[in-house]
Amino acid sequence: MTSEHASIAAFRDEHARRNGTGDVVVLPASVHTAALAAEALGCEVGAIANSLLFSANGSPVLLLTSGAHRVDVTKVARDLGVARIERATPDFVRTHTGQVIGGVSPFAHPAPVPTWIDPWLQRHDVLWAAAGHPSAVYSTTYDELLAMTGATPLDME
């Protein structure tokens, strides 16, 4: 029997600590894009809650958005009151989340990361988000995701 990847185990522990109700699912292959995750789970791509880390003047910003959307970085930067936001580098992501691109969970990071959530995600009864590793996801709801992350709703398109 192989042991679970440390980042998935750490996510499971934090999920339980926060009284998460969803199931953690480890898929046989990496699902580092919303389309791959949706295909593996048999759900709409819009039900995938992407955790996208950006840099805002060198500080991390986490955006939870539907897999069916692209973030309008100009609009989001304006709404956040910063000159611009940039997609984070792999090293920046690992430093601020302890996870790798494609597996960034909405929480369970070394330190809290300011987080915003796309209200559009409310359209789905069940959401799926990364669970700390590119092959792990977990089920949740918009309300639970909002409560567990302390995110602020923000239109991102």
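Is Arg-18 buried, exposed or partly exposed? In this predicted model, Arg-18 counts as partly exposed, at 30% relative accessibility. That makes a handy starting point for a look at the charged side chains, with helix α2 to follow.

Arg-18 forms a salt bridge with Glu-14, and the closest N and O atoms of this pair lie 2.6 Å apart. Glu-14 also forms a salt bridge with Arg-17, where the closest N and O atoms are 2.7 Å apart. Through these shared partners, Glu-14, Arg-17 and Arg-18 are joined into one network. The surroundings of the members can be read from their accessibility: Glu-14 has a relative accessible area of 15% and is buried, because the limit for that class is under 20%. Arg-17, by contrast, counts as exposed at 57% relative accessibility, since that class begins over 50%. Arg-18, at 30%, is partly exposed. The spacing along the chain is also worth a look. Glu-14 and Arg-17 both belong to helix α1, which spans residues 6-17, and because they are three residues apart there, about one helical turn separates them.

A further salt bridge links Arg-12 with Glu-4, with the closest N and O atoms 2.9 Å apart. Here both partners have been assigned a class as well: Arg-12 is partly exposed, with a relative accessible area of 32%, and Glu-4 counts as partly exposed at 35% relative accessibility. Altogether, the count of salt bridges in the model comes to five, among them the Arg-12 pair with Glu-4 and the Glu-14 pairs with Arg-17 and Arg-18.

Attention now turns to helix α2. This helix covers residues 34-41, and its buried residues are Ala-34, Ala-37 and Ala-38. Viewed down the axis of α2, these buried residues fall within an arc of 100°, so they line one face of the helix. What do the buried residues of α2 pack against? Their packing partner is β2, the strand made up of residues 48-56. On the other side of α2, Ala-35 and Glu-39 are exposed. For a reader turning the structure on screen, the helix can thus be pictured with Ala-34, Ala-37 and Ala-38 buried and packed against β2, while Ala-35 and Glu-39 are exposed on the other side. Just past the helix comes Gly-42, and the phi angle of this glycine is positive, near 70°.

Definitions and conventions
Residues numbered from 1 in each chain as written. Predicted model: local features only at pLDDT ≥ 70, side-chain atom pairs only at ≥ 80, totals over all residues. Heavy atoms only, no water. Buried < 20%, exposed > 50% of the residue type's maximum accessible area, 1.4 Å probe, protein only. Helix = DSSP H or I, 4+ residues; strand = E, 2+ residues; numbered from the N terminus. Arc of directions from axis to C-beta. Contact = heavy atoms within 4.5 Å. Salt bridge = Lys/Arg side-chain N within 4 Å of Asp/Glu carboxyl O.
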